Amino acid sequence: MSKWLRSGLRRDICVVVANEDDPTAQHCKATLESKYDARIEPKTFYGAMEALTDQGYLTSRVDGVTDRYELTAAGERALRDHYEWLQESLSE
């Protein structure tokens, strides 16, 4: 099992990135904090973003003083696989 599959935060970050148009890390963090109705520790959040980038699920590019993120083909494939697994599990 991929390390990616073990982290709900990482999956949720990928969902936000897939749903937005090249969001910044801060936008992703704020979106998830709103969704969770809780603060995410910056070290935890940015560590997850770095791991996703290092593992090839996200790419980042510098835009002025911020980084913008995009889901890679591997990230999209992992999200779709997880979605299919959820659908199968919930339909039983």
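This passage describes the fold, surface and backbone of one predicted protein chain.

The model is predicted, with local features requiring pLDDT of at least 70 and side-chain atom pairs pLDDT 80 or more, while totals for chains, interfaces and linings use all residues. Residues are numbered from 1 along each chain as its sequence is written, and side-chain values use heavy atoms, without hydrogens and water.

The protein chain contains 4 helices and 2 strands (DSSP runs numbered from the N terminus; helices are H or I with at least four residues, strands are E with at least two). Their order from the N terminus is α-α-α-β-β-α. The C-alpha trace spans about 45 × 30 × 20 Å along its principal axes. The radius of gyration is 13 Å, which agrees with the value near 12 Å for a compact globule of 92 residues (taken over C-alpha atoms; the rule is 2.2 Å times the number of residues to the power 0.38). Among contacts with a separation of 6 or more, 50% join residues 24 or more positions apart (contact means heavy atoms within 4.5 Å).

Of the 92 residues, 34% count as buried (buried is under 20% relative accessible area, exposed over 50%, partly exposed in between; 1.4 Å probe, protein chains only).

Two aspartates have positive phi although neither is a glycine. Asp 22, with phi of about 50°, lies in the loop between helix H1 (8-19) and helix H2 (25-36). Asp 37, with phi of about 55°, lies in the loop between H2 and helix H3 (42-54). Asp 37 counts as exposed because its relative accessibility is 70%.
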